[in-house]
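Trainee: Could you take me through one part of this structure closely? I would like to hear about the metal site and the pocket.

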Amino acid sequence: MAPIEIKTGQQIRWMREAGLVVAQIHKALREAAQPGVSLKDLDAVSEKTIRECGAHSNFLGYYGFPATACISVNETVVHGIPDNTVLKAGDLVSFDCGAYVLREGKQWHGDAAFTMIVGGEGSAEAERLNRVTEEAMWAALASLVNGKRISAIGEAVEEVVAANATDQWEAGIIEEYTGHGIGTAMHQPPEILNYRARGITPKLKRGMVLAVEPMLVDGSIETEVMDDDWTVKTVDRSLAAHWEHTVALTDGGIWVLTAPDGGEAGLAPYGITPSPA
Ligand code: MG
Ligand code: MG
């Protein structure tokens, strides 16, 4: 396997620039994602935001992907192609967004996802799944501060899922799609499983930058890829949620590059303060 790219402080600060572009895309999409708006219109919002920030899309054309964001509605887990589908109040929608900036001849990438309920109010199932998935992401990010190996992430996700389980319900953790290293390319080693990994995973080291992205479902974790070769749905058509941030391991701890506040609010419950590079 290719070595894990270790970044300098300057390189992490360039990745922060890309991360803030992704944060801008998220903000614009959260505002624009209203009932009656089509997914194509939302991709146009993403494209415009990237352009206005002077950045570049890392999704458009990636293995032929036809848009600047993946938009995944309800039973779609990831990789939804923005099409003429129109959002309805109560839809559970995941936005996976990315951008890169060019600095000294290299691309520096950001990648982050969030899930929301269109119109603000959804089913109790949708709200629960979204809340648990977001919590799993923050717990996974927080685990990097004292964790020794990449496997800390999957362990943290499993712990949040178990803590939120009831006699009748437990969120399913998608296994076929994973988090990843990120830097001069969007997807780099290491692969990051969202469940307890068997075997030895790489040691966490200062200068690593990781995309931490749990994907949870309301039912069975079995998925299938649709005829467009991209859209991934749950086989049982149960709901899915997806949260992701790009995070740097810095001298003093971690810095969430795709969160405008560096992760301050999300990490506060864990007693962690972000440490910028
Ligand atoms: Mg992503
Ligand atoms: Mg990713």
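Mentor: Here is a walk through the metal site, followed by the pocket. This is a predicted model, in which local features need pLDDT of at least 70 and side-chain atom pairs count only at pLDDT 80 or more, while totals for chains, interfaces and linings use all residues. Residues are numbered from 1 along each chain as its sequence is written, chains are lettered from A and ligands numbered from 1 in the order in which they are written, and side-chain values use heavy atoms, leaving out hydrogens and water.

Let's begin with the magnesium ion (ligand 1). Its protein donors are Asp96 (OD), listed twice, Asp111 (OD) and Glu244 (OE), lying 2.0 to 2.6 Å from the ion. A donor here is an N, O or S atom within 2.8 Å of the metal (3.2 Å for Na, K and Ca), and water is not among the atoms, so sites may look incomplete. Along the sequence, these donor residues follow the spacing D-x14-D-x132-E. Asp96 sits in strand β3 (residues 92–103) and Glu244 in the loop between β12 (240–242) and β13 (245–250), so this pair links distant parts of the chain, 148 residues apart. Strands are DSSP runs of E with at least two residues, helices are runs of H or I with at least four, and both are numbered from the N terminus.

Now move to the magnesium ion (ligand 2). Asp111 (OD), His180 (NE2), Glu213 (OE) and Glu244 (OE) coordinate this ion at 2.1 to 2.2 Å. The spacing of its donors along the chain is D-x68-H-x32-E-x30-E. Because His180 lies in strand β6 and Glu244 in the loop between β12 and β13, the pair ties together parts that are 64 residues apart in sequence. Asp111 bridges the two magnesium ions, ligand 1 and ligand 2, which lie 3.1 Å apart.

How accessible are these residues? Buried means under 20% relative accessible area, exposed over 50%, and partly exposed in between (1.4 Å probe, protein chains only). Asp96 counts as buried at 10%, His180 at 6% and Glu244 at 0%.

His180 also brings us to the largest pocket, where Tyr62, His79, Thr178, His180 and His187 lie nearest the centre among 23 lining residues. On a 1 Å grid over the protein atoms alone, a pocket is an open set of points with protein on both sides within 12 Å along at least five of seven lines, and lining residues have an atom within 4 Å of a point. Both β6 (179–181) and β7 (188–192) supply at least two lining residues each, and β7 gives the largest share, three residues.

Terms used: 1 Å grid on protein atoms, 1.4 Å probe; cavity = no way out; pocket = protein on both sides within 12 Å on 5 of 7 lines; lining within 4 Å.
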